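Subject: Structure handover

Hello,

Please find the structure below. My notes follow it.

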Amino acid sequence: SQDARFFLPADAEDRSNLSTLRHAAAGCRGCDLYRNATQTVFGEGSPGARVVLVGEQPGDQEDRQGAPFVGPAGRLLDRALEEAGIERGEAYVTNAVKHFKFKRQEGGGKRRIHETPNAGEMRACRPWLLAELRILEPEVVVVLGATAGKALLGSSFRVTKQRGRLLPLPHLDALGTPAAAREIDNALDGGQDDGGAGDSADEGGRDESRARLLATIHPSAVLRAEDRDAMYAGLVDDLTTVARAL
Ligand code: URA
Ligand code: SF4
């Protein structure tokens, strides 16, 4: 069982199936992370969400409560979304990896210290995220930080290079493969931007080919930063770009 696909319901692509998906994910053993974590933390939000925000993995609080972005990073994200003018009902939040990966504090303390999921764990868990995106068909996917970026766009992803710009969302089948990274690189090289006024053929549509992706920093990076105010303002800026695209 080196992959979540074995645990996906057969009808995972049915649009009505977010809750079926959630129930199936609760029993996932697609990688070893289920062993030490409390529970699967599936995405949460409106089924009609126009924006899907993708974080790294649940943190300590999320692991205990069973919901994404409910700890300190989540509170900061909620505030930033509100300031950017994105309503809760427009957004769905989820993670690239659905179980909390941690190590125990040295000396047997109680504190559980976050560990970054590795490439194998990201690959194993990706089917859940892809199934969420297929069902939700968001207008914009917001990638929060490097881990989510690598999970969706491959290991060459760099937040510093790609943040803050509305890029075409690569085809879902390509996500996580080098093809997705190439699509993004081409868009960056070509100076492709928000796809707004002056764009070609498919003007005005809401079809999948119009879906966008925007990468930004992770809210936890704001919490850790020395220049916290500037980092926070940058996050709000990027989310404001998303709000304008809706
Ligand atoms: N950080 C994340 O990436 N996701 C969460 O759900 C919480 C903190
Ligand atoms: Fe399954 Fe993802 Fe949890 Fe691994 S991290 S067990 S793939 S839900």
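What should the 18 residues of helix H4 span at 1.5 Å a residue, and how far apart are its end C-alpha atoms? The expected span is 26 Å and the end C-alpha atoms of H4 (residues 119-136) are 25 Å apart, which agrees. That expectation is 1.5 Å times one less than the number of residues. Helices here are DSSP runs of H or I of at least four residues, strands are runs of E of at least two, and both are numbered from the N terminus.

This is a predicted model: local features need pLDDT of at least 70, side-chain atom pairs count only at pLDDT 80 or more, and totals for chains, interfaces and linings use all residues. Residues are numbered from 1 along each chain as its sequence is written, while chains are lettered from A and ligands numbered from 1 in the order in which they are written.

H4 has a kink of about 40° at Cys 125, shortly before the proline Pro 127. The kink is the angle between axes fitted to the seven residues ending there and the seven starting there. Just after H4, Glu 137 has a positive phi of about 45°.

In helix H7 (residues 178-189), the buried residues (20 or more other C-beta atoms within 10 Å of their own, with C-beta atoms placed from the backbone) are Ala 180, Ala 181, Glu 183 and Ile 184. They cover an arc of only 160° around the axis, which puts them on the same side of H7; the arc is that of the directions from the helix axis to the C-beta atoms. Asn 186 and Asp 189, on the other side of H7, are exposed (12 or fewer such atoms).

Regards
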